[in-house]
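This report describes the architecture of a two-part chain, moving from single positions to sheets, core and domains. Please consult the sequence and the model shown here alongside the text.

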Amino acid sequence: MATDHSQYFRTPRPRPIRPPKLHHATFMTMDVDAMVKFYEEVAGLQPVYYAAHAAWLTNDDANHRIALLRLPGVYPPVDKPHLVGLHHTAFEYDSFEGWVDNYLRLRDLGITPTVCLDHGMTMSMYYQDPDGNGVEIQVDVFGDWSLSKEWMWASQEFSEDQIGPQFDPEKLAEAYLAGQGMAEIHERARRGEFMPEQPRTEMVFDDPWPARLAANPELAQPIPFPPAPGA
Ligand SMILES: [Fe+2]
């Protein structure tokens with residue numbers, strides 16, 4: 001006698017999920033030019049489309065990774081560092097040398113990170129874009145996502161401290177330029193040997209808006225809405 005499979009079709013069951021991949025982040029902004037310049041300098045993103053009201057930027061094969069929208073009605077944030085929402089986007093170097101060299105290049109352009117952390121699975125430098133959004137530039141210290149994921153999932157170290165010690169990027173770069181490799185530098189950073197003279201006490205970012213609005217009061221005005229048709 002044939003088996004009756006009809007129950008399979010009548011009963012809701014969990015099914016395997018084929019997940020989509022993370023593709024891009026989109027920010028509302030009041031100054032597309034300043035944001036385009038920053039993302040190009042910090043992470044090599046180039047505009048695929050660029051206008052005064054919007055831009056779409058990428059630094060790999062995707063058609064965009066960061067999008068910027070200057071939408072009508074947008075106005076500056078109040079107390080940006082404490083707003084609920086996105087804390088940072090992140091970009092990863094696949095080589096330690098590339099990661100340190102990017103720090104040195106940006107430092108020479110006058111762009112420095114707000115805070116640097118050795119998280120255990122990555123060493124991370126956190127910059128802030130002109131609007132105050134965080135941008136993490138990281139290198140995976142395992143050089144292998146499956147290993148770094150395993151470490152986050154299973155290690156006692158991560159369960160006890162998910163942030164890790166701060167480091168002064170100048171001290172780290174000095175060790176790099178003296179010929180030390182990633183493994184040694186990572187170990188030293190984890191021991192706190194590169195701690196800044198004045199570590200940050202809060203993990204929220206700085207608020208660029210008071211100074212920005214003082215320098216350019218026009219930015220306080222919301223982006224105007226276009227005139228109604230026929231007006
Ligand atoms: Fe992150």
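## Lys 149 and helix 4

Lys 149 lies in helix 4, residues 145-154; helices (H or I, at least four residues) and strands (E, at least two) are DSSP runs, numbered from the N terminus. With 13 other C-beta atoms within 10 Å, Lys 149 is partly exposed. On this scale, a residue is buried if 20 or more other C-beta atoms lie within 10 Å of its own, exposed if 12 or fewer, and partly exposed in between, with C-beta atoms placed from the backbone. The C-alpha atom of Lys 149 is separated by 7.9 Å from that of Met 121, although these positions lie 28 residues apart in chain numbering.

The model is a predicted one: local features need pLDDT of at least 70, side-chain atom pairs count only at pLDDT 80 or more, and totals for chains, interfaces and linings use all residues. Residue numbers start from 1 along each chain as its sequence is written.

## The sheet of strands 5 to 8

Strands 5, 8, 7 and 6, in that order, form an open sheet with mixed pairing; two strands pair if DSSP finds at least two bridges between them. Strand 5 and strand 6 (115-118) are the edge strands, each pairing on one side only. From one strand to the next the twist averages 20°, where axes are lines fitted to C-alpha atoms, for helices over the stretch in contact, and angles run from 0 to 180 degrees between N-to-C directions. Strand 7 (residues 122-128) and strand 8 (residues 134-140) are antiparallel and share 7 bridges. Within this sheet, Ser 124 stands opposite Gln 138 of strand 8.

Val 115 belongs to strand 6 and is buried, having 22 other C-beta atoms within 10 Å. Its C-alpha atom lies 6.2 Å from that of Met 125, at a sequence separation of 10 residues. When neighbours within four places in sequence are set aside, Val 115 is in contact with Tyr 126, Gln 166 and Arg 200; contact requires that the C-beta atoms of two residues, placed from the backbone, lie within 7 Å.

## The sheet of strands 1 to 4

An open sheet of 4 strands follows the order 1-4-3-2, again with mixed pairing. Strand 1 and strand 2 (46-50) each have a single partner strand, so one side of each is left without a neighbour in the sheet. Neighbouring strands are turned by 20° against each other on average, with direction ignored.

Strand 2 and strand 3 run antiparallel, joined by 4 bridges, and a hairpin of 3 residues connects them. Tyr 50 has Ala 55 of strand 3 as its bridge partner. Strand 3 (residues 54-58) is also antiparallel to strand 4 (residues 66-69), with 4 bridges between them; here Leu 57 stands opposite Ile 66 in strand 4. Helix 2 packs on the sheet, touching strand 2, strand 3 and strand 4, and its direction makes about 5° with that of strand 3.

## Asp 79

Asp 79 is found in the loop between strand 4 and strand 5 (88-93). Most residues other than glycine have a negative phi. Asp 79, which is not a glycine, has a positive phi of about 55°. This residue counts as exposed, with 10 C-beta neighbours inside 10 Å.

## Domains and core

The domain assignment, which is automatic or taken from a database, gives domain 1 (22-78 + 212-225) and domain 2 (80-206). Their centres, taken over C-alpha atoms, are separated by 24 Å. The contact takes 12 residues from domain 1 and 15 residues from domain 2. On the side of domain 1 that touches domain 2, strand 1 (25-28) and helix 2 (32-43) are the elements giving two or more residues, and helix 2 supplies the largest share, 7 residues.

Which residues touch the most other members of the largest nonpolar core? In this core of 33 residues, they are Tyr 39, Ala 43 and Ile 137; a nonpolar core is a set of buried Ala, Val, Leu, Ile, Met, Phe, Trp, Tyr and Cys residues joined through C-beta atoms within 7 Å. Helix 2 contributes the largest share of this core, 5 residues, and at least three residues come from each of domain 1 and domain 2. Beyond its neighbours within four places in sequence, Ile 137 is in contact with Ala 43, Phe 91, Trp 99, Asn 102, Met 125 and Tyr 127.
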